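Please report on the strand pairing, the helix packing and the unusual backbone angles of the structure shown here.

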Amino acid sequence: FDNPQIYHCGDVMYDNSLHFAKAAGDTTSLLKDNNLEEGKFILVTIHRNNNTDEPQRLTPLFSAMNKIANENNLKIALPLHPRTAKLLVQNLPPQLYNSVMTNPLIKILPPASFLEMIALEKNCMLVMTDSGGVQKEAFFFKKPCIILRSETEWVELVDCGAAVITDADEEKIIHSFSAISSAKNFNYPSIFGDGKASEFICREMVKYFGS
């Protein structure tokens, strides 16, 4: 304690995701049950109050999603919290609500468990989300990410080109999807370490307290 030090060890969240990714495919049949093929669907999560509770934001988000699915014949997996599901009826225009709910390409799923989310993230082609954690997990599994917010805590994801901020702007979302779909190379530098941060931390603790 009289000799404090700072270590560049990585992110234990990355360790965790890599560890459970090995088991995710064996513990859930979510992809098979919903006919979601590897690399052929978009994973979408929308849960923040300012998106779900405000019709002027929720509408362009779901309109963009609906158009992307229809115009590209592409499936969308949307794990949805019951509260958010109820707000769709209230905050979406009736025509859009009916179009989304009857669209066979949009798979509205129950809230996903941790392992189910890992399986979805690992197997999707890209992620659209307003979640902070899901942004990072998309990067862990080398999936480009469209951030449905006006800002992000993880500016490094945007700086390296692995993610783009669109906010709840329908035109920007559709344009970003088009750009990502046509891009060939994405950069995923080792920002969060090598997946062995926890081992490093434990090793240093043992070394320090054992001395």
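The report below takes the sheet, then the helices, then two loop residues.

The model is predicted: local features need pLDDT of at least 70, side-chain atom pairs count only at pLDDT 80 or more, and totals for chains, interfaces and linings use all residues. Residues are numbered from 1 along each chain as its sequence is written, and side-chain values use heavy atoms, with hydrogens and water left out. Helices (H or I, at least four residues) and strands (E, at least two) are DSSP runs, numbered from the N terminus.

**Sheet**

An open sheet is formed by six strands in the order 3-2-1-4-5-6, and the pairing is parallel. Two strands pair if DSSP finds at least two bridges between them. Strand 3 (106–109) and strand 6 (163–165) are the edge strands, each pairing on one side only. From one strand to the next the twist averages 20 degrees; axes are lines fitted to C-alpha atoms, for helices over the stretch in contact, and angles run from 0 to 180 degrees between N-to-C directions.

Strand 4 (residues 126–129) pairs with strand 1 (residues 41–45) in the parallel sense over four bridges. Three bridges join strand 4 to strand 5 (residues 145–147), also in parallel. The table lists residues that stand opposite each other in these pairings.

| Residue in strand 4 | Opposite residue | Strand of the opposite residue |
|---|---|---|
| Leu-126 | Ile-42 | strand 1 (residues 41–45) |
| Met-128 | Ile-146 | strand 5 |
| Thr-129 | Ile-147 | strand 5 |

In a regular strand the side chains alternate between the two faces of the sheet. Strand 4 is covered on both faces: Leu-126 and Met-128 are buried on one side, and Val-127 and Thr-129 are buried on the other. Buried means under 20% relative accessible area, exposed over 50%, and partly exposed in between (1.4 Å probe, protein chains only).

Strand 4, helix 8 (residues 132–140) and strand 5 make a β-α-β unit that is right-handed: with the strands pointing away from the viewer, the path from the first strand over the helix to the second runs clockwise.

**Helices**

Helix 4 (residues 55–72) lies across strand 1, strand 2, strand 3 and strand 4, and runs at about 145 degrees to strand 2. Helix 7 lies across strand 1 and strand 2, at about 135 degrees to strand 1. In helix 7 (residues 114–123), Met-117, Ile-118, Ala-119, Leu-120, Glu-121 and Asn-123 are buried. Their cover includes helix 1 (12–27), helix 2 (30–33), strand 1, strand 2 (75–79) and helix 8. Contact means heavy atoms within 4.5 Å.

The axes of helix 1 and helix 8 come within 10 Å and cross at roughly 65 degrees. Met-13, Tyr-14 and Ser-17 of helix 1 make this contact with Gly-133, Lys-136, Glu-137 and Phe-140 of helix 8. These residues divide into three nonpolar, two polar and two charged. Ala, Val, Leu, Ile, Met, Phe, Trp, Tyr, Cys and Pro count as nonpolar, Asp, Glu, Lys and Arg as charged, and the others, Gly among them, as polar.

**Loop residues with positive phi**

Most residues other than glycine have a negative phi. Asn-73, in the loop between helix 4 and strand 2, has a positive phi near 50 degrees. Asn-73 counts as exposed because its relative accessibility is 62%. Asp-167 also has a positive phi, of about 60 degrees, and lies in the loop between strand 6 and helix 10 (170–182). With 23% relative accessibility, Asp-167 counts as partly exposed.
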